[in-house]
Amino acid sequence: MPNASHRGEFEGASAAARADRPAIAAGPALGTVLTLALALVFAWWDPAQNRWPALALVVALCLDAVARIVARSVRQRTGVETEFRGLRSPILVLGNAMGIGAALVAVAAGLRTDLFPLLASALAGLVAMGACARLALARMVVVIEAAERAAAEAKKRGEGTGR
């Protein structure tokens, strides 16, 4: 699993990284708020044209928020890091730099307002794909941890019976 370190590996480095990180990351939260504001402004500006793309963007942002909450709870429960870091993918990087994506969409849509539906739909798709990737990683971590726990219990039971 790339970028997901097991509890035993790099324990000191991950503890130091967790100590330096604030409880709520300002970058993703600020980017989410900016993107939400962008969707609402454009939906208010021209509801006939921008209502559905703005709604798609808001739904994608909600899915992203849920995915981040799930990933954080999995990380707290298992101790395995579930954040994407250092990936060269616009789908996954956008989640951590969503403010930049919102700013680009705002500038482009501000210059040509007829482009907002296309840009908002594309941004919603990227945000939703990143959220789905986060949920998939969290699920993999939970399944692997459960399998490791079951194997350890089976090994204990096997040793306890004298085999």
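The largest nonpolar core of this predicted model has 15 residues. Those with the most contacts inside this core are Leu 38, Phe 42, Leu 57, Val 105, Phe 116, Leu 123 and Val 127. Four helices each supply at least two of its residues: α2 (26–45), α3 (47–78), α5 (98–111) and α6 (116–160). Helix α6 gives the most, with five residues. In soluble globular proteins, nonpolar side chains tend to be buried together.

Leu 57 illustrates the packing in this core. With neighbours within four places in sequence left aside, Leu 57 is in contact with Thr 35, Ala 39, Ala 120, Leu 123 and Ala 124. Of these partners, Leu 123 is also listed among the core residues with the most contacts. A second core, separate from the largest one, has five residues. Val 80, Leu 137, Ala 138 and Val 141 are among them.

The core also contains an aromatic contact. One aromatic pair is present in the structure. Its members are Phe 42 and Phe 116, with ring centres 4.4 Å apart. Their planes stand at 5 degrees, so the pair is stacked, the cut-off being under 30 degrees. Phe 42 belongs to helix α2 and Phe 116 to helix α6, so the pair ties together parts that are 74 residues apart in sequence. Both rings belong to buried residues, Phe 42 and Phe 116 alike. Both residues are also listed among those with the most contacts inside the largest core.

The overall fold is helical. Six helices and zero strands make up the secondary structure of the protein. The pattern along the sequence is therefore α-α-α-α-α-α. Contacts with a separation of 6 or more come mainly from distant positions: residues 24 or more positions apart account for 80% of them. Of the 163 residues in the protein, 30% are buried. The exposed surface comes to about 9,900 Å², and carbon and sulfur atoms supply 69% of this area.

Charged side chains were examined next. Side chains of opposite charge can pair when their charged atoms come close. The structure holds three salt bridges. In one of them, Arg 68 meets Asp 64 at 3.0 Å, N to O. Both residues lie in helix α3. They are four residues apart, about one turn of the helix. Arg 68 has a relative accessible area of 17% and is therefore buried. Asp 64 is buried as well, because its relative accessible area is 2%, under the 20% cut-off.

Asp 64 takes part in another salt bridge, with Arg 134 (3.5 Å, N to O). Arg 134 lies in helix α6 and Asp 64 in helix α3, so this pair ties together parts that are 70 residues apart in sequence. Arg 134 is buried, as is Asp 64.

A further salt bridge joins the side chains of Asp 114 and Arg 112, at 3.1 Å, N to O. Here the partners are partly exposed. Asp 114 has a relative accessible area of 43%, and Arg 112 has one of 46%. Shared partners link Asp 64, Arg 68 and Arg 134 into one network of salt bridges.

Two kinds of side-chain pairing thus connect helices in this model. The stacked pair of Phe 42 and Phe 116 ties helix α2 to helix α6. The salt bridge between Arg 134 and Asp 64 ties helix α6 to helix α3.

Methods
Residues are numbered from 1 along each chain as its sequence is written. Side-chain values use heavy atoms; hydrogens and water are left out. A nonpolar core is a set of buried Ala, Val, Leu, Ile, Met, Phe, Trp, Tyr and Cys residues joined through side-chain atoms within 4.5 Å. Buried means under 20% relative accessible area, exposed over 50%, partly exposed in between (1.4 Å probe, protein chains only). Contact means heavy atoms within 4.5 Å. Accessible areas come from the Shrake-Rupley method with a 1.4 Å probe; for residues, only the protein chains shown count as cover. A salt bridge is a side-chain nitrogen of Lys or Arg within 4 Å of a carboxyl oxygen of Asp or Glu. Rings of Phe, Tyr and Trp (its six-membered ring) pair if their centres lie within 6.5 Å; planes under 30 degrees apart count as stacked, over 60 as edge-to-face and the rest as tilted.
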